Each structure stands twice: as C-alpha cells, then as structure tokens.
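Here are my notes on this one, written as numbered points so you can follow along in the viewer. Take them one at a time and find each residue as you go.

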Amino acid sequence: MSDSTEDRVAVTVLGAGCAALSLAARAAEFDSHDFTIIDPETHKAGDHIWGFWAMPWLGEASAIARKKWFKWRIISPDRMVERTSENHPYLALNRHDWLGKCRKKAVAAGVRFLREVASSGTAQILDSRPPPMPRGVMLQHFSGYEITTDDDAFDSDTAILMDFRCDQSRGIHFIYCLPFTARSALIESTLFSTEVAPKSFYDMAIRRYLSGIVGVKTFHITRHEQGVIPMASLAQRDPSLTGIGANGGAIRPSSGYAFSFIQKQIDQMKTSARKHKPLWVSVPHSRFELFMDSIFLRVIRDRPALAPQIFTAMAARLTGDEFALFLSGEAGPRLWLKIVLAMPKWPFLFAVFQSDQAGKS
Ligand SMILES: Cc1cc2nc3c(=O)[nH]c(=O)nc-3n(C[C@H](O)[C@H](O)[C@H](O)COP(=O)(O)OP(=O)(O)OC[C@H]3O[C@@H](n4cnc5c(N)ncnc54)[C@H](O)[C@@H]3O)c2cc1C
C-alpha cells in the first residue's frame, strides 16, 4: 500500500530532460516518494534522435520508437562489416515523443512541475543539470540533418553506425546515417576529439558523403540537430546534491551513449527505494567497464588513426546481438574476452602500462 502524502519523502529534481522526465514518468511505481520537477521549459528545446539497442528494460521506449533496424554496418576505407541482430535491433526514438509521453504519465501520477525550487518542503534534491566539461576532455561532437531526397537513395533496412570514409584531419571522424525510408534519413558528421569543429566542417562532410558515397546531389533539409557529449567520467555539477542522468555518471565514456543507461539507473533507484529514506542513485556502469573504457579512450586519443581498424575489428569479431549487448553494458566475461582479443595488442598493452604508471605517481 502506498504511504500518505505526509509520510512520503519529498524529492525535487532539477531539470526536465531525459533523466528527470524518465524518472517522473515512473512516479506511480514509487510508493514512498513524491516528486517535483523544476522545469526550465526544456520541452520547448529542439528535437533530436536517441539511438539505442532494444533491451528488456527499454520496453516502453521501444514501443514508441520511430524505426528499428535489424541490420547495421561499420565501414572503414578498406573494410565493411555488416551485422544482423536477432533479438536486439537498433532503435531511433524522437526526443519529443519520449519526453511528451513521460510528461503525460508524470502529470497523471501527480508529479508537480514548477519553475523554481520551493523554499521549503524538500527532503532530497536530485540534480539532472549537465556536468561541467573541463577543457581538454575527449568529446563526441556532431551535427547533422534529417533530409529527404527526390529519388530512392538509402537502404532503409540498414543503419550505418559509423562510416569512416570522410575527412580525418580534425580527429576521429565518421558519418552516422539512419535511413528512415529509401528517401529520408538522419545523417550526421560525428567526431571524437577535444575541440569542437566549425559548423562548416560538419556541413561539408555531410554534403561530400551524400554526393560522393551515397550518390545524392539534391536533398532537402527538414531538421537540424547537434550535440556535444563528454567521453569521460566527469565530476558532478554540485557535489552537495545527488546527480542523475549525465550528471550522475550515466554517459558511457567510450561511446557517448546514455539513454539506455539512464533507464537502467532509474530501474536501480526503483529497486533500492526504501520508506522514509532518500533515493539512492548509482552509476550504471561497473568499475571494470569504466577502467576498460579509460584504456580504450587513451588508445584512440593517442592513436586516432587506429580508430577505424578498432571499430571494424570489434564489430567483425562479435555477432550483431553481442555487439548490442556490449554497447548496452551487458557484456559478460566471455564477451569481454572476445573484445579484448579483437583489439590491436601493443597499443592497448602500452595504454594499460601508462595507466598503471599514472596510478603509481
Ligand atoms: C543532440 C544529442 C543527441 C544524443 N543522442 C544520443 C543517442 O542517440 N543515444 C544515447 O544513448 N545518447 C544520446 N545523447 C546523450 C544523452 O542521452 C543525452 O544527453 C540525454 O539527454 C542526457 O539526459 P540528462 O537528463 O542527463 O540531460 P538532459 O536531457 O540534457 O537534461 C538536462 C536538464 O537540465 C536543464 N538545465 C540545464 N542547465 C540548467 C540550469 N542552469 N538550471 C536549471 N536547469 C538546467 C536542461 O534544461 C534539461 O532540462 C545525445 C545527446 C544530445 C545532446
């Protein structure tokens, strides 16, 4: 039986993005906690796509996804790896669709939405405002368009997760292409580097890709999206508050993926919720995963030219479902062994040695 309002722990969440609203949508599942969202009107911000692999904890998001692909490719200048998944297709979900659904569920469950934190009556503050990004940190930065074409141009059954056949002069660079139909796609120029590029760089990369690789000369831009995601474990914005979402360590440093991990983090909050106690928030990645990610990031940062080889080798070594499980934080020891064996040995051993030296100094 749920507690009366006075018995519940009053939880205020700063921000109203993915983590805050995904949590608020599940308010009815928390018998002993009451939620207030401090909303700086994020829902009025632009739309974008969240990509993730279908996993058991993502049923609601999968149900309203815009498109799913059972086939995907990773392509380098000299190799094309195509994989098919049986159980874990890759999905694309519009941000507005997800946040709109979450907001409706939250309101129905009695969650309050305010513009500012009330001066009293809060027992716990969860902070979903983004963490600061220190200078020099590795970033995943991207800019892309949703486009339509006048003629058939895309294989709408196959998502292109990474295509490295593009200008590598500014860091690790690939094109991400989600074809919704034969005549419409999201196409993004994405870099892993420490410096964001000028707008014209991404734009030129997309235009060159479309004309040179896809064979599309004329297209119509229907939407633009861009983003900068830190590829690191960052300190949270305010150490005196409890961070959630990106500010609670949900971004997977090696991939920049966070949507799936945010939902995992909320599952953990739900499972660990106790009467009269503040909610407990944990980082949804293991220490082992974070250690391996730090080694991986060290290698690609020091030797960016290896990135196309590393990503294609990893995809080639795994089945489609294994690849999806790995990127969703579900790799067991056998899968980790396969991944380690797929990696070029010397750069990784050197990076492990360097991290060991850094730990000693
Ligand atoms: C364009 C883009 C595309 C992405 N694509 C993917 C993807 O395909 N797959 C994936 O897994 N991840 C993706 N990510 C990464 C990640 O999933 C998102 O960043 C996700 O939105 C993080 O959720 P969050 O709740 O932590 O932060 P946000 O959703 O960014 O929410 C933060 C909230 O804090 C509020 N806020 C900010 N500053 C203040 C302030 N000073 N005071 C009060 N409130 C404040 C904001 O308005 C917002 O409401 C993407 C990120 C971006 C930006």
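1. Let's start with a term: two residues are in contact if their C-beta atoms, placed from the backbone, lie within 7 Å. With that in hand, look at alanine 324, which touches Trp53, Ser85 and His88 once residues up to four places away in sequence are set aside. Keep in mind throughout that this is a predicted model.

2. Stay with alanine 324 for a moment. You'll find it in helix H8, which covers residues 320-327. Is alanine 324 buried or exposed? It counts as buried, because it has 24 C-beta neighbours inside 10 Å, and the cut-off for buried is 20 or more. Asparagine 87 sits 237 residues away along the chain from alanine 324, yet their C-alpha atoms are separated by 9.3 Å.

3. Now for a contrast: lysine 104, in helix H3 (residues 95-108). Lysine 104 counts as exposed because it has 11 C-beta neighbours inside 10 Å, where the limit for exposed is 12 or fewer. Try drawing a line from lysine 104 to alanine 25: the two are 79 residues apart in sequence and 7.6 Å apart in space, C-alpha to C-alpha.

4. Next, the overall layout. The domain assignment splits the protein chain into domain 1 (5-69 + 93-131 + 234-272), domain 2 (139-230) and domain 3 (287-360). Note that domain 1 is written as three separate stretches. The centres of domain 1 and domain 3, taken over C-alpha atoms, are 30 Å apart. Where these two domains meet, nine residues of domain 1 are in contact with eight residues of domain 3. On the domain 1 side, that gives five nonpolar, three polar and one charged residues.

5. On to the sheets. One of them is an open sheet of five strands, in the order S8-S2-S1-S9-S15, and the pairing is parallel. At its edges are strand S8 (112-114) and strand S15 (242-243), each pairing on one side only. If you want a pair to check by eye, take strand S1 (residues 9-14) and strand S9 (residues 124-127), which run parallel and are joined by four bridges. Valine 11, for example, has glutamine 124 in S9 as its bridge partner.

6. Strand S13 (residues 184-193) deserves its own point. Eight of its ten residues are buried, which leaves the strand mostly covered. What does S13 pair with? Strand S10 (residues 139-149) is one partner, antiparallel over ten bridges, and glutamine 140 is matched there with phenylalanine 192 of S13. Strand S12 (residues 172-181) is also joined to S13, running antiparallel with nine bridges. Here phenylalanine 174 has threonine 190 as its bridge partner. To get from S12 to S13, the chain makes a hairpin through two residues.

7. What about the interior? In soluble globular proteins, nonpolar side chains tend to be buried together. The largest nonpolar core here has 101 residues, and the members touching the most others are Val13, Leu21, Ala24 and Ile187. Click on isoleucine 187: leaving out neighbours within four places in sequence, its contacts are Gly144, Tyr145, Ile147, Ile175, Cys177, Ile206 and Leu210.

8. Helix H7 (residues 307-317) is largely enclosed by the rest of the structure, because eight of its eleven residues are buried. Among those buried residues are Ile310, Phe311 and Met314.

9. Which residues come nearest to the ligand? Of the 28 around it, they are Gly15, Gly17, Ala19, Gly227 and Gly245. Two or more shell residues come from each of helix H1 (18-24), strand S3 (49-53), strand S14 (219-230) and helix H5 (259-272). The largest share, four residues, belongs to S3. By class, the shell has 16 nonpolar, ten polar and two charged residues. Domain 1 and domain 2 each supply at least three of the shell residues.

10. One last oddity. Most residues other than glycine have a negative phi. Histidine 276 is not a glycine, but its phi is positive, at about 60 degrees. You'll find histidine 276 in the loop between H5 and helix H6 (287-302). Histidine 276 counts as exposed because it has 11 C-beta neighbours inside 10 Å.

Methods: Residues are numbered from 1 along each chain as its sequence is written. This is a predicted model: local features need pLDDT of at least 70, side-chain atom pairs count only at pLDDT 80 or more; totals for chains, interfaces and linings use all residues. A nonpolar core is a set of buried Ala, Val, Leu, Ile, Met, Phe, Trp, Tyr and Cys residues joined through C-beta atoms within 7 Å. A residue is near a molecule or strand if its C-beta atom, placed from the backbone, lies within 6 Å of it. Ala, Val, Leu, Ile, Met, Phe, Trp, Tyr, Cys and Pro count as nonpolar, Asp, Glu, Lys and Arg as charged, and the others, Gly among them, as polar. Domain bounds come from an automatic or database domain assignment. Two strands pair if DSSP finds at least two bridges between them.
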